[in-house]
Amino acid sequence: MAMAQSDSQEDWTGFHYLPAPTQTALHGLLGKLHNQNVGNMTILLLGRGGVGKSSIINSLFGERVAAVSAFQSETLRPCLYSRSKDGFTINIIDTPGLTGAGGVDEEALAIIRRYLVGKTIDAVLYVERLDGPREDQLHKKLIRAISQAFGRQVWHLVIILFTHAQIHPEDVSYPSFVSTRSAALQSAILKEACFKRTNINVPFVLVENGSCCRVNADHEKILPDGRVWLPLLFEALVELISGPNESMVVDEKLLGTGEGKQLGNIWMPIALLAQFFFIWRPIRKAIERDLSEETQQLFSRGLQAGQPHRD
Ligand SMILES: Nc1nc2c(ncn2[C@@H]2O[C@H](COP(=O)(O)OP(=O)(O)O)[C@@H](O)[C@H]2O)c(=O)[nH]1
Ligand SMILES: [Mg+2]
């Protein structure tokens, strides 16, 4: 994985405040990365405003590091938070919300793109509320905009993170609600980022950042189905990072491979061929025709000039 990218690698003090079984589970998972010689991971948060991006940093680190607000976006520009434990560093990049009044906030996206130049991203958490709006046009636009900004390959590094997971749907069971919601978002990603179903599997995790989250006997935060969610989130990250997909090295070149540019790449040879057949070839033929006409004229004039006078 990438070298650590933060100047300030603070000790992960919040780790010691996590419930003991959670600490044990995280120790095991970090050990797995250590065995693979992975010394750090950099996670990028992306999503609309107010979905819980900043809150998940606080939940993950077990301490209040990122500003959270119910009423306004506290994160106006990207911000890197790092915590180190036993030689392992976790970097999380918080970002401003990607949607504005009714559409994708292209300026926020451009700011994030610029900020990421020179960085290596190992995983992207695409954050949505579990109880958020059903699939809508904005959803689709956002997925397309992310694909365009970072290249659609970015989705290979994405884990969908549903916040507000402590809900109790009235008309369906919790598992069925979760599977319908996640399947809808996964298929929107496949469709809007133009992947074939077999090409990609975007995993998802559930979290509940709220202080009213239920806990088990060990004080670990649990989902309505009883599972402890923090180790599950870590497990998904470790699985992704240990998997076959290369991390995303963000450089100017990568930023030039947005879908628009990719389309440009596809059309370029066609445009060159069209230029050759419809512009250069006719011009060359016209020049050759002119030249041969001129030569013929010169030749016939020469003949005339060379003919003997019969006076
Ligand atoms: N109940 C509940 N509230 C949450 C959750 N995640 C975030 N919030 C609240 O949602 C609001 C926006 O959260 P924030 O992290 O600032 O969202 P961001 O704009 O995506 O960074 C805050 O009031 C948070 O306390 C969650 O999982 N459950
Ligand atoms: Mg925020």
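How do the residues of the shell around ligand 1 divide into nonpolar, polar and charged? In this predicted model, the shell around ligand 1 comprises 4 nonpolar, 13 polar and 3 charged residues. Ligand 1 is surrounded by 20 residues, of which Gly 52, Ser 55, Ala 70, Asn 209 and Gly 210 are the closest. The most is given to this shell by helix α2, spanning residues 53-61, which supplies 3 residues.

The strands considered here form an open sheet of 7 strands with mixed pairing, arranged in the order β1-β3-β4-β2-β8-β9-β10. The edges of the sheet are occupied by β1 (10-11) and β10 (204-206), each of which pairs on one side only. Strand β8 (residues 123-129) runs parallel to strand β9 (residues 158-163), and the two are joined by 6 bridges; Glu 128 stands opposite Phe 162 in β9. Helix α6 packs on the sheet, where it touches β2 (40-47), β8, β9 and β10, and the direction of α6 makes about 160 degrees with that of β10.

Helix α6 (residues 229-242) is also associated with helix α1 (residues 20-35), the axes of the two helices coming within 10 Å and crossing at roughly 5 degrees. Because angles under 35 degrees count as roughly parallel, α1 and α6 are therefore described as roughly parallel to each other. In this contact, Thr 22, Ala 25, Leu 26, Leu 29, Lys 32 and Leu 33 of α1 meet Leu 230, Pro 231, Phe 234, Glu 235, Val 238 and Ile 241 of α6. By class, the contact of α1 with α6 has 9 nonpolar residues, together with 1 polar and 2 charged residues.

Conventions
Residues numbered from 1 in each chain as written. Chains lettered and ligands numbered in written order. Predicted model: local features only at pLDDT ≥ 70, side-chain atom pairs only at ≥ 80, totals over all residues. Axes fitted to C-alpha atoms, helices over the stretch in contact; angles between N-to-C directions. Helix = DSSP H or I, 4+ residues; strand = E, 2+ residues; numbered from the N terminus. Parallel < 35°, antiparallel > 145°, perpendicular 65-115°, else oblique. Contact = placed C-beta atoms within 7 Å. Nonpolar A, V, L, I, M, F, W, Y, C, P; charged D, E, K, R; others polar. Pairing = 2+ DSSP bridges. Near = placed C-beta within 6 Å.
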